[in-house]
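Here is a quick walk through one protein model and the ligand that comes with it. Have a look at the picture, then read on.

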Amino acid sequence: MTYAIRAEGLVKRYGDKVALDGVDLEVPAGRVVGVLGPNGAGKTTTVRILATLLRPDAGQATVGGHNVVGDPVRVRSLIGLTGQYASVDETLSGVENLVLIGQLLNLSRRQARQRAAELLERFELTDAATRPIATFSGGMRRRLDLAASLVGRPQVLFLDEPTTGLDPHTRNELWEVVRGLVADGATVLLTTQYLEEADQLADRITVIDQGRVVAEGRPGELKRRIGGQILHVRPSVPADGEAVARILIELTGQIPERDANTGRLTVPAVDPMLISSLVRRLDAAGLMTEELGLRLPSLDEVFLALTRQNDFALLPVPAAPYGDMSAGEGRQLEKFSEDEGLQESAEGGMAGGKERLRVHVHEMGGQSAVGHIGLGRVGHP
Ligand SMILES: Nc1ncnc2c1ncn2[C@@H]1O[C@H](COP(=O)(O)OP(=O)(O)O)[C@@H](O)[C@H]1O
Ligand SMILES: [Mg+2]
């Protein structure tokens with residue numbers, strides 16, 4: 001297989017902060033690879049190294065077979081980059097921006113104008129072409145930014161969170177554009193915080209968290225890797241939620257996620273006997289359910305499980321009560337788990353319309369928190 005991008009053991013430090021801690025990455029030519037990770041995971045740092053804008057402290061990378069440190073000029077001739085923040089000039093019009101870039105790339109004025117016109121047409125910006133960028137909508141700006149990165153007909157395109165902050169409609173438009181580029185033979189490395197986006201666009205996904213690769217594979221493989229399915233149960237009486245949650249915690253050792261709107265509880269189901277055990281327990285307790293079943297996990301759940309494993313290798317979660325969380329207020333729950341020598345506390349509350357629950361783990365008697373397990377939704381800032 002021909003790889004358009006290969007990186008091995010990339011390390012980057014900013015002072016004491018280790019932004020990348022040995023990242024490996026492979027992108028086959030003509031494919032889309034999604035680099036998925038939360039804020040601060042190291043996505044932009046990775047892209048900047050591959051795009052020759054930043055030197056790694058260790059490790060090496062090639063783009064189109066050329067070393068990014070040893071031969072940056074060759075690499076630059078092959079790539080296009082659309083950053084997280086727009087790089088076009090606000091005071092110029094769409095046409096002027098693209099022509100300027102074309103001329104910087106050594107096209108003649110006539111060639112540059114022709115290339116600009118092609119791209120504006122392709123991105124449906126022709127009508128807006130002569131207006132200053134300052135008057136563009138967010139979606140138009142993103143499209144122009146993408147057009148700008150394509151002036152030099154790059155073989156390899158880096159898209160760093162291309163749809164962050166866009167509304168769903170504009171995001172869909174941009175996805176179509178990316179699909180078109182790939183159909184034309186481009187190789188794309190796309191970073192995103194959106195699992196849906198990686199699932200929609202990428203052939204393979206590399207999940208990074210805190211500067212490390214925590215998983216790599218096709219979306220379907222990643223789903224299988226966390227094993228099993230997701231059990232979902234919705235009590236007929238919403239007030240029974242806590243009692244049902246307690247039973248789920250006892251049976252699975254994990255705190256279920258609860259949807260604040262529907263009262264539905266979900267928890268990973270590894271044990272195939274879980275459903276029948278649950279039915280017996282619910283029956284014995286006289287708890288009725290509106291809904292009870294198994295389904296395949298969403299990518300959100302896959303991601304959560306993978307990053308959580310990375311942090312803690314799935315520490316057993318204490319059988320703490322679920323708590324009656326009300327909107328806008330957090331509630332502290334504490335529980336000591338002597339076996340582990342750890343103090344675990346959970347806090348829950350509403351944020352962004354979703355119920356969130358977080359478990360903190362501290363060393364017993366010590367002052368230092370060893371970290372936390374995020375439960376509930378992975379939040380976008
Ligand atoms: N110029 C910098 N100086 C210091 N720390 C930085 C700098 N750039 C990034 N970092 C840190 O490196 C880590 C990775 O950042 P980044 O690659 O931007 O993550 P992402 O793009 O996934 O949000 C973060 O903790 C960030 O705060
Ligand atoms: Mg970034």
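## Two loop residues with unusual backbone angles

R153 is exposed, with 11 other C-beta atoms within 10 Å. You'll find R153 in the loop between α5 (138–150) and β7 (156–160). Its backbone deserves a look: R153 has a positive phi of about 45° although it is not a glycine. As a rule, most residues other than glycine have a negative phi. Keep in mind that this is a predicted model, and that these angles are computed from it.

N106 does something similar, with a positive phi of about 70°, and it is not a glycine either. N106 sits in the loop between α3 (94–104) and α4 (109–122). Is N106 buried or exposed? N106 counts as exposed because it has 9 other C-beta atoms within 10 Å, and the cut-off for exposed is 12 or fewer.

## A buried loop residue

A186 also belongs to a loop, the one between α6 (168–183) and β8 (187–192). This one is buried, with 21 other C-beta atoms within 10 Å; the cut-off for buried is 20 or more. Leaving out residues up to four places away in sequence, A186 touches Q155, L157 and L181.

There is a long-range relation here too. A186 and A4 are 182 residues apart along the chain, yet their C-alpha atoms are separated by 9.8 Å.

## The open sheet

Now for the strands. Four of them make an open sheet, in the order β2-β1-β4-β5, with antiparallel pairing. Which strands stand at the edges? They are β2 and β5, each with a single partner strand, so one side of each has no neighbour in the sheet.

Going along the sheet from β2, β1 and β2 are joined by 9 bridges and run antiparallel; in this pair, Y14 stands opposite K17 in β2. Helix α1 packs on the sheet, where it touches β1, β2 and β4, and its direction makes about 120° with that of β1. Next, β1 (residues 3–14) and β4 (residues 58–63) are antiparallel and joined by 5 bridges, with E8 opposite Q60 in β4.

At the other edge, 2 bridges join β4 to β5 (residues 66–67), again antiparallel. V63 stands opposite H66 in β5. The hairpin of β4 and β5 has 2 residues between the strands, and G64 takes a positive phi near 60° there.

## Around the ligand

What surrounds ligand 1? The shell is made of Y14, K17, A19, G37, N39, G40, A41, G42, K43, T44 and T45. The elements that give two or more residues to this shell are β2 (17–28) and α1 (43–50), and α1 gives the most, with 3 residues. Sorted by class, the shell holds 3 nonpolar, 6 polar and 2 charged residues.

This ties back to the sheet: Y14 and K17, both in the shell, are the residues that stand opposite each other across β1 and β2. And α1, which packs on that sheet, is the top contributor to the shell.

## The chain as a whole

Stepping back, the protein chain has 11 helices and 18 strands. Of its 381 residues, 36% are buried. As for contacts with a separation of 6 or more, 62% are between residues 24 or more positions apart.

Key: Residues are numbered from 1 along each chain as its sequence is written. Chains are lettered from A and ligands numbered from 1 in the order in which they are written. This is a predicted model: local features need pLDDT of at least 70, side-chain atom pairs count only at pLDDT 80 or more; totals for chains, interfaces and linings use all residues. A residue is near a molecule or strand if its C-beta atom, placed from the backbone, lies within 6 Å of it. Helices (H or I, at least four residues) and strands (E, at least two) are DSSP runs, numbered from the N terminus. Ala, Val, Leu, Ile, Met, Phe, Trp, Tyr, Cys and Pro count as nonpolar, Asp, Glu, Lys and Arg as charged, and the others, Gly among them, as polar. Two residues are in contact if their C-beta atoms, placed from the backbone, lie within 7 Å. Two strands pair if DSSP finds at least two bridges between them. Axes are lines fitted to C-alpha atoms, for helices over the stretch in contact, and angles run from 0 to 180 degrees between N-to-C directions.
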